[in-house]
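Student: Before I use this model, I would like to go through the terms that describe it. Could you show me the sequence and the structure?

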Amino acid sequence: MKKNTLKNLTKSVSFVFLMTVCFNLSAQEIPKSGQKSEFWKNVQFGGGLGLSVGSGFTDITIAPSAIYNINKYVAIGTGLQGSYVSQKNYFTSAIYGASLITLFNPIEEAQISLEVEQVRVNTTFKTTGGPSIKDNFWNTGLFVGAGYRMDNVTIGARYNLLYNKDKSVYSDALMPFIRVYF
């Protein structure tokens with residue numbers, strides 16, 4: 001191909017690209033007051049709340065999350081979590097962190113998930129007549145999951161691929177879940 005022909009072709013492609021981008025940008029509609037933008041129409045909020053108390057034991061969990069539906073098959077999102085767990089005269093633990101999640105819905109009733117979670121664990125064990133023992137560490141989880149989906153609710157299980165029984169905030173690599181997004 002001659003040098004001039006390549007130069008003209010590059011100019012033509014660049015011109016068409018710029019015109020397409022400019023036309024696309026000018027065609028975007030600005031939402032009227034009180035109207036949701038296209039972005040917010042695809043966002044769903046959810047999360048989890050947990051409370052367990054009894055016989056000197058307390059477990060409080062708050063875990064808000066949000067997802068953005070790219071299309072009817074794929075969604076991406078993020079979440080925060082915080083927990084306080086205490087067993088009277090034995091230990092207290094504070095856990096906090098964040099996660100990123102990708103959801104795949106190959107068919108309407110099935111959901112496959114991939115989630116990365118990073119949490120900080122601060123635990124203090126109380127000893128009789130001696131000093132308290134502190135165990136503070138970061139825990140990373142890489143979860144693959146599958147579930148049955150009904151509208152905004154998914155019931156399933158997830159498996160932590162990075163589970164280490166000696167240094168984990170969870171007692172098992174396999175965990176059931178109920179996911180709700182509004």
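Tutor: What follows is a discussion of the terms and of the values behind them.

Tutor: This is a predicted model, in which local features need pLDDT of at least 70 and side-chain atom pairs count only at pLDDT 80 or more, while totals for chains, interfaces and linings use all residues. Residues are numbered from 1 along each chain as its sequence is written, and side-chain values use heavy atoms, with hydrogens and water left out.

Student: What is the mean pLDDT of the protein?

Tutor: pLDDT is the predictor's confidence in each residue, from 0 to 100; its mean over the protein is 85, and 81% of the residues reach 70 or more.

Student: Over which residues does pLDDT stay under 50?

Tutor: That is the case for residues 12-28, which have 0 contacts beyond four places in sequence in the model, where a contact means heavy atoms within 4.5 Å. Where pLDDT is low, the predicted coordinates should not be read in detail.

Student: Why is the sheet called open, and in what order do its strands stand?

Tutor: Strands are DSSP runs of E with at least two residues, numbered from the N terminus, and two of them pair if DSSP finds at least two bridges between them. The 8 strands follow the order E1-E2-E3-E4-E5-E6-E7-E8 with antiparallel pairing, in an open sheet. Strand E1 (43-54) and strand E8 (174-180) are its edges, each having a single partner strand, so one side of each is without a neighbour in the sheet. From one strand to the next, the twist averages 20°, with the strand axes taken as lines fitted to C-alpha atoms and angles running from 0 to 180 degrees between N-to-C directions.

Student: How do you know that E2 and E3 pair?

Tutor: The definition asks for at least two bridges, and 11 bridges join E2 (residues 57-69) to E3 (residues 74-87), so the two strands count as paired, and they run antiparallel. Isoleucine 67 stands opposite glycine 77 in E3, and aspartate 59 has valine 85 in E3 as its bridge partner. These two strands form a hairpin with 4 residues between them.

Student: What joins E4 to E5, and over how many bridges do E4 and E5 pair?

Tutor: A hairpin joins E4 to E5 through 5 residues, and their antiparallel pairing extends over 14 bridges, with serine 99 opposite glutamate 117 in E5. E5 and E6 are likewise antiparallel, over 16 bridges, and there arginine 120 stands opposite tryptophan 138 in E6.

Student: What makes a space a pocket here, and what volume does the largest pocket have?

Tutor: On a 1 Å grid over the protein atoms alone, a cavity is a set of points where a 1.4 Å probe fits but cannot get out, whereas a pocket is an open set with protein on both sides within 12 Å along at least five of seven lines. The largest pocket has a volume of about 1200 Å³, a volume being the space filled by probe spheres set on the points, which are joined across faces, edges and corners. Lining residues have an atom within 4 Å of a point; 42 residues line the largest pocket, and Thr61, Gln81, Glu117, Arg158 and Tyr170 lie nearest its centre.

Student: How do the lining residues of the largest pocket divide by class?

Tutor: There are 23 nonpolar, 13 polar and 6 charged residues in that lining, where Ala, Val, Leu, Ile, Met, Phe, Trp, Tyr, Cys and Pro count as nonpolar, Asp, Glu, Lys and Arg as charged, and the others, Gly among them, as polar.
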